[in-house]
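Hi,

Here is the structure I said I'd pass along. Have a look at it first, and my notes follow underneath.

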Amino acid sequence: MVETIEWTPDDTVVMIDQTRLPREESYVTCRTYQDVAEAIRSMVIRGAPAIGVAAAMGVALGVLRTPEVSLDTEFPRICETLAATRPTAVNLFWAIDRMKGLYLSLDGLPIAERRARMVAEAKRIKLEDIAICEAIGRHGAGLVPDGKTVLTHCNAGALATAGYGTALGVIRAAVSAGKKIDVYADETRPFLQGARLTVWELQQDGIAATLITDNMAGHFLKSGRIGCVVVGADRIAANGDVANKIGTYSVAVLAKENGVPFYVAAPISTLDLTLASGAGIPIEQRAAVEVTHVFGVPIAPEGTAVENPAFDVTPNRYVTAIVTEHGVAEPPFEDSLRRLSRDAS
Ligand code: MRU
């Protein structure tokens, strides 16, 4: 399986460049926290858990490269710069807060030890994320019907995490358990994470994947061949409302209309229990050029007015269950999510 992000022995952070896949498998090397912030902003690395890991490594790079005399004044700027990259995925803020907590607890220790502990923590967050995805896979595999097609939206795979994936982790685990399934991947306009990343990733693993355009999802959900939908999440409110890639809401409504279970796979770090409902989730607005152009080629008249929200919120009534590393939450989500997050702490 592909390595999404790595801390190298010479203290740099290397990421596979997800803006260039699948045409080219190339890597970006980040030496500073500003490099990491730019990689997150420009979507070299994307996907909620992956940007959490990247942010943690960014904080560690900042602590490593900043002279000791200015570190205490610079540290808040390091965290703010990384936090200002993308607003929706709560994993980003979760990871920065965890690094911040450790930094404060190391006050008074020799600088070499503080630096080593910060780097070790960032590496630990990465390893934990892989283990979490594998646990999500184990909990979710049983939900996937044998002999059917699974529909997914965007990329919630190894590329969107430190490895294995959340939604694709469930699919991988179901395949490993011997289930005969194939995957329909929505292309996921405008950034094409489904076409470019999900199909590529599944092909690497030899899992049968068929690409469909987003507007075909309803047609196939009605056909009876889709056994379930599995998607990831960027932020889940206390009531189970789910923010995920734009277009997820339409898929969820169509799934319910056609009696197809709609599962969300996400780590506990994607829960935001401070928000009572999805209404409070900030939705990232991205550049118009992502909509007006495809690979640099204009597809709309010059000057066209554009909206480009990167995420939407699926109300909890469309969600059959939420699969986490601590088990499967079912409605009413207010109770089940709180219980699972208590188990995690
Ligand atoms: O804009 P992106 O590509 O970062 O959006 C990614 C998604 O919406 C994923 O479905 C989500 O982050 C879950 S990834 C395990």
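Let me start with one arginine. Leaving out residues up to four places away in sequence, arginine 286 touches Arg41, Met43, Arg86, Asn308 and Ala310. Bear in mind while you look around that this is a predicted model. You'll find arginine 286 in the loop that runs between strand S11 (271-272) and helix H10 (289-292). Is arginine 286 buried or exposed? With a relative accessible area of 18%, arginine 286 is buried, since the cut-off for that is under 20%. One of its neighbours also offers a backbone atom: the backbone oxygen of arginine 41 is 3.5 Å from a polar atom of the arginine 286 side chain.

Now the domains. The domain assignment splits the protein chain into domain 1 (5-133) and domain 2 (138-344), and their C-alpha centres are 25 Å apart. Across the boundary, 29 residues of domain 1 are in contact with 33 residues of domain 2. About 2600 Å² is buried between the two domains, with carbon and sulfur atoms giving 59% of that area. On the domain 1 side, Arg46, Thr88 and Cys133 lose the most area to domain 2, and together they account for 24% of what that side buries.

What about polar links between the domains? There are 15 residue pairs in polar contact between domain 1 and domain 2, counting pairs with both residues at pLDDT 80 or more. As for which elements of domain 1 touch domain 2, those giving two or more residues are helix H2 (48-65), helix H4 (90-105) and helix H5 (111-140). H5 gives the most to that side, with five residues.

How many salt bridges are there between domain 1 and domain 2? The count is one. Arginine 86 and glutamate 284 meet through their side chains in a salt bridge, at 2.8 Å from N to O.

Proline 87 is worth a click too. This proline sits in the loop between helix H3 (68-83) and H4, and at 31% relative accessibility it counts as partly exposed. Setting aside neighbours within four places in sequence, proline 87 is in contact with Phe93, Arg235, Pro282 and Glu284. Proline 87 and aspartate 234 are 147 residues apart in sequence, yet their C-alpha atoms are 9.9 Å apart in space.

On to salt bridges in general: the structure holds 17 of them. Here are a few to look up.

- Arginine 172 pairs with glutamate 201, with the closest N and O atoms 2.9 Å apart. Arginine 172 is in helix H6 (residues 167-176) and glutamate 201 in helix H7 (residues 193-205), so this pair links distant parts of the chain, 29 residues apart. Both arginine 172 and glutamate 201 are buried.
- Salt bridges with shared partners also join Arg86, Glu284, Arg286 and Glu290 into one network, and this brings us back to the arginine I began with, Arg286.
- Arginine 98 and glutamate 128 meet side chain to side chain at 2.8 Å, N to O. Because arginine 98 lies in helix H4 and glutamate 128 in helix H5, the pair ties together parts that are 30 residues apart in sequence. Both ends are partly exposed: arginine 98 at 23% relative accessibility and glutamate 128 at 28%.
- Arginine 20 and aspartate 17 form a salt bridge at 3.4 Å, N to O. Here arginine 20 counts as partly exposed at 38% relative accessibility, whereas aspartate 17 is buried at 7%.

Last, the cysteines. How many disulfides are there? The count comes to zero, going by the rule that the two sulfur atoms must be within 2.5 Å. Cysteine 30 is in no disulfide, and the nearest cysteine sulfur, which belongs to cysteine 79, is 17 Å away. Cysteine 30 is also buried, with a relative accessible area of 0%. Why is cysteine 133 not bonded to cysteine 154? The closest cysteine sulfur to that of cysteine 133 is the one in cysteine 154, and at 14 Å it is too far for a bond. Cysteine 133 counts as buried as well, at 1% relative accessibility, and you met this residue above as Cys133, among those losing the most area to domain 2.

Cheers

Key:
Residues numbered from 1 in each chain as written. Predicted model: local features only at pLDDT ≥ 70, side-chain atom pairs only at ≥ 80, totals over all residues. Heavy atoms only, no water. Buried < 20%, exposed > 50% of the residue type's maximum accessible area, 1.4 Å probe, protein only. Domains from an automatic or database assignment. Contact = heavy atoms within 4.5 Å. Buried area = accessible area lost by both parts, 1.4 Å probe. Salt bridge = Lys/Arg side-chain N within 4 Å of Asp/Glu carboxyl O. Polar contact = N/O pair within 3.5 Å; in protein donor to acceptor, adjacent residues only side chain to side chain. Helix = DSSP H or I, 4+ residues; strand = E, 2+ residues; numbered from the N terminus.
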